[in-house]
Amino acid sequence: MLMKPDRRQFLRIFGIGAAGVLGCGPSDDPGDPAGPSGDFVVPPLDEGELVGGVRVFRLRLQTGTVEWVPGAPTETFGANGDLLGPTLRLVRGEPVRIEVENGLAVTTTLHWHGLQVPARADGGPYQTIAPGARWTSDFDVVQRAMTAWYHPHPMHETARHVYMGLAGMIVVDDPALATELPHTYGVDDLPIIIQDRRLSADGTHPYSPGKTPGMHDMMSGLRGETLLVNGRITPHAVVPRGLVRLRVLNGSNARIYHLGFADDRTFLHVGSDGGLLSAPVETRRVLVAPGERVELLVDFADARPVELRSYSGEVFDSLYTGMMGANLTDALDRGTFPIMTFEPGTDAAPVATAPAAFDPVVREPESEAVRTRPISMAMQMGGFTLNGARMTDLANVPAALDLRIKAGEVEVWSVANTSGVAHPLHVHNRHFQILDIDGQPPPPELAGWKDTTIIRPGRVVRLLVRFEGTPDTERPYLFHCHILEHEDMGMMGRFFLVA
Ligand code: C2O
Ligand code: CU
Ligand code: CU
């Protein structure tokens, strides 16, 4: 089954007209605030401003509109624009300050998903920013080169604020890393933020002001039939002939994608959440759950246009089981559907060949773990639970979800999912390694660094987490299901790093 969302679109994103947009497709007309339909756009790259050795970024959260449905603008949230936000480029080793101004009418937060930062700088639900207020996040970039992202994280409202449009990519660069990977932002190094929306004819969606999704959508996680890439509906990108790096972020609230190309070409999976794998993995498919990032190298040297699709139906049975699974999915989850198209242009790609290997990811030894912590995901008490409980109140967290972990300690998290549907588990501040999945070592594409990973129903996944970081007994980090509706309903816990 192939479903084609309506490709007509007249939208205005990333500020006024095409200003600040690195057009990668056929040229955007900068005079037309609506913009042409179907063209791929790249969020502007923001490298900050060096002030006394500190790289300073400014993000203003604001409301806007986007006209996905012709004649019926949708109300949106964005950072420095109507929708989404700039891609922040951070440099390993540098001190960073991000100044966030909340121009929304509601309290929110801004979390750096995938960054290793002190808890006070993490931007989770405890670091709220009132309407009109500012919040400053200061930290040093201590981690390896990778792709991260930012999104709001307010208690009970994360799903709404992300769905309204607040999210952006973060690229961490490491000047010491001699990589021959494509690295020209917007040319051969492209952010691909995949999201889905359920849009009504009047331009509203279930999180539009005054609306709230029903219980079924909260249980399944809100899925929609309109596929967006960087805010545009199933867009068309003109790319150089040759090797192109795609930094894919699943920024959807709930939908899992099983990506592949319509001509079934192979591509190289080179990076996971926490950076490059040991070596490129040649594949035809890659599974990406909400919150996860994958870096891919695709060869467009053959000059043939091709569609990027989700072959969701191929993995349906492993992600959804029994009655629960059958009830909480939609037709797209069982089928194949387009995400965007690529058309090789006339320019040759700057990088011709893919490296054969990268710095090896050193596997973390299980012997260093001081304990094994069981984490359960279940369907209980009319909803999904984590460790048999739910975190529904920031001040009053059930003991099973309120952890204190000594900074520097290494733990095995043994995550068992008995709920009938897949849940992507995310841990703040740390990148972990997957020790095994049902006792089997992870495949090479899952053997690198991760901060979010799919726990399929009926499986036990063991993670090795090294809890390094700045001790802070006042401010916790979070761990949760990254289906944002599940998180909002309390499928979340917190941990303090203590001395
Ligand atoms: Cu991407 Cu706690 O979140
Ligand atoms: Cu996070
Ligand atoms: Cu979940």
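Start by selecting C481: with a relative accessibility of 0% it counts as buried, because the cut-off for buried is under 20%. Keep in mind as you go that this is a predicted model.

**Stop 1: copper ion, ligand 3**

Now show the copper ion (ligand 3) together with C481. Which protein atoms are its donors? They are ND1 of H423, SG of C481 and ND1 of H486, lying 2.0 to 2.1 Å from the ion. Along the chain, these donors follow the spacing H-x57-C-x4-H. Colour strand 29 (residues 423-427) and strand 33 (residues 477-481): H423 sits in strand 29 and C481 in strand 33, 58 residues apart, and the pair links distant parts of the chain. Is H423 buried or exposed? H423 counts as buried, because its relative accessibility is 0%.

**Stop 2: copper ion, ligand 2**

Stay with strand 29, but move along to H426, which lies in that strand. Select the copper ion (ligand 2) and you'll find NE2 of H426 and NE2 of H111 coordinating it, at 1.9 to 2.0 Å. H111 belongs to strand 9 (residues 111-113), so this pair ties together parts that are 315 residues apart in sequence. Hide the surface if you have it on: H111 is buried at 1% relative accessibility, and H426 is buried with a relative accessible area of 1%.

**Stop 3: strand 14 and its partners**

Next, select residues 226-229, which make up strand 14. Show the side chains: T226 and L228 point one way, L227 and V229 point the other way, and all are buried. Add strand 13 (residues 189-197), which pairs with strand 14 in the antiparallel sense over four bridges. Look for I194, standing opposite V229.

Then add strand 15 (residues 232-233), antiparallel to strand 14 over two bridges. Here R232 is the bridge partner of V229. Strands 14 and 15 form a hairpin with two residues between them, and N230 in the turn has a positive phi of about 50°.

**Stop 4: two more positive phi values**

What's worth a second look about a positive phi? Most residues other than glycine have a negative phi. Select M381, where phi is near 50°. You'll find M381 in the loop between strand 25 (371-380) and strand 26 (383-386), and at 60% relative accessibility it counts as exposed.

Finish at D438, which is not a glycine either but has a positive phi of about 50°. D438 is in the loop between strand 30 (433-437) and strand 31 (452-455). Its relative accessible area is 43%, so D438 is partly exposed.

How values were computed: Residues are numbered from 1 along each chain as its sequence is written. Chains are lettered from A and ligands numbered from 1 in the order in which they are written. This is a predicted model: local features need pLDDT of at least 70, side-chain atom pairs count only at pLDDT 80 or more; totals for chains, interfaces and linings use all residues. Side-chain values use heavy atoms; hydrogens and water are left out. Buried means under 20% relative accessible area, exposed over 50%, partly exposed in between (1.4 Å probe, protein chains only). Two strands pair if DSSP finds at least two bridges between them. Donors are N, O and S atoms within 2.8 Å of the metal (3.2 Å for Na, K and Ca); water is not among the atoms, so sites may look incomplete.
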